[in-house]
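User: Please take a close look at a single part of this structure and describe it in plain terms. Then set that part in the context of the whole chain.

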Amino acid sequence: MFVDSHCHLNFPELRKQLPEILEAMDRNQVGHALVVSVNLPDWPELMEVVHSQPRLWASVGVHPDYEDTPDPSVEELVRLSATEKVVAIGETGLDYYRLTGDLEWQRERFRRHIRAAREVAKPLIIHTRSSSEDTLRLMREEGAAEAGGVMHCFTESQAVADAAIDLNFYISFSGIVTFKNAKELHEVARTIPLDRLLIETDSPYLAPVPHRGKLNDPSKVIHVAERIADLRGLTVAEVAKASTDNFFRLFKGIAH
């Protein structure tokens, strides 16, 4: 069985195709998917999607790219995280690629998410882009290792992966690992400990080869597993088992 550890099934282009996507997940042995929050105004709709299917789970949080959106307090994140089927805080983190200028608001938002995750003992889903130094610094300063979590859609260096693993985090690979020119990422996927590996689609984005450029969905996570298996000299079944076991170890309380 495969698990998609990060997708956005509540986004309009996927939600309108949900029955077909669920059928495709069945055909490809994708048993569970974690539907990840990016803002609070859309969160009730996300929860409607998650509650419609026993195989879907949720997080609560605000993405660092969403500047003009309600910013949750620690208390609000704690309260919402108690909702049934919410298993993580995020996605949160830092992104210095899409936004520039004074980004202290991003760092403060990230700190609040880490504090909430520690308070409720639920893992963090972290996004980092062009900001790994500050991301790791804030993780250390706020004690993120206590909560643990995942560095999602990982595209950073081996050194960043090693530092995150030292902070009790898993490394999740998306369809980017199937891209021919992602040489540095291939090396990270080849060498990180198998018990720290997760797979994801980040759908509707980043469709893996052979679907690159098309709409992505959780059924396609199998191609991520296939590429990692090839890189590591493992069978696809071995990658499936390791990544699925890791998912259930990290996101506690999920029935499987």
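Analyst: A strand here is a DSSP run of type E with at least two residues, and strands are numbered from the N terminus. With that in hand, E91 can be placed: this residue is found in strand β4. The part chosen for the close look is β4 together with the strands that pair with it. The model is predicted.

Some context comes before the detail. The protein chain contains eleven helices and eight strands. Its radius of gyration is 17 Å, close to the 18 Å that the globule rule gives for 256 residues, so the chain is as compact as a globular protein of that length. The C-alpha trace spans about 40 × 40 × 30 Å along its principal axes. Of the 256 residues, 61% count as buried. Among contacts with a separation of 6 or more, 73% are made by residues 24 or more positions apart.

Now the strand itself. Strand β4 covers residues 86-95 and pairs with β5 in the parallel sense, over five bridges. T92 has I126 of β5 as its bridge partner. β4 also runs parallel to β3, and three bridges join these two strands. Here V60 stands opposite I89 of β4. β4 therefore has a parallel partner in β3 and another in β5, under the rule that two strands pair if DSSP finds at least two bridges between them.

One peptide bond in this region deserves a note. The bond from G90 to E91 is cis, with omega near 15°. A second cis peptide bond occurs from S203 to P204, with omega near 20°. P204, however, is found in the loop between β8 (197-199) and α10 (221-232), whereas E91 belongs to strand β4.

The loop between α4 (74-81) and β4 holds K85. Phi of K85 is near 80°, which is a positive value in a residue other than glycine. Is K85 buried or exposed? Its relative accessibility is 13%, and buried means under 20%, so K85 counts as buried.

On one side of the pairing lies β5, residues 124-129, where five of the six residues are buried. The loop between β5 and α6 contains S130. Like K85, S130 is not a glycine and has a positive phi, in this case about 55°. The burial of S130 comes out otherwise: at 47% relative accessibility, S130 counts as partly exposed.

The other partner is β3, residues 56-60. Five of its five residues are buried, so this strand is largely enclosed by the rest of the structure. In a regular strand the side chains alternate between the two faces of the sheet. In β3, L56, A58 and V60 point one way while W57 and S59 point the other way, and all are buried. The pairing continues beyond β3: strand β2 (residues 30-35) runs parallel to β3, with three bridges between them. One bridge of this pair sets A33 opposite its partner L56 in β3.

A helix residue also touches β3. L46 is located in helix α3, residues 43-51. Apart from its neighbours within four places in sequence, L46 contacts N10, V35, V36, S37, A58 and S59. A58 and S59 point opposite ways from β3. The C-alpha atoms of L46 and V35 are 7.4 Å apart, and the two residues are eleven positions apart along the chain. L46 counts as buried because its relative accessibility is 2%.

Two further helices complete the picture. Helix α8 (residues 158-166) has V160, A161, A163, A164 and I165 as its buried residues. These pack against α6 (132-141), β6 (149-151), β7 (169-173) and α9 (183-191). α8 is followed by N168, whose phi is positive, near 75°.

F247 lies in helix α11, residues 236-250. At 0% relative accessibility, F247 counts as buried. Beyond its neighbours within four places in sequence, its contacts are V3, S5, L34, L198 and I254.

To return to the part in question: β4 is joined by bridges to β3 and to β5, and carries a cis peptide bond from G90 to E91.

Methods: Residues numbered from 1 in each chain as written. Predicted model: local features only at pLDDT ≥ 70, side-chain atom pairs only at ≥ 80, totals over all residues. Heavy atoms only, no water. Helix = DSSP H or I, 4+ residues; strand = E, 2+ residues; numbered from the N terminus. Rg over C-alpha atoms; globule rule 2.2 N^0.38 Å. Buried < 20%, exposed > 50% of the residue type's maximum accessible area, 1.4 Å probe, protein only. Contact = heavy atoms within 4.5 Å.
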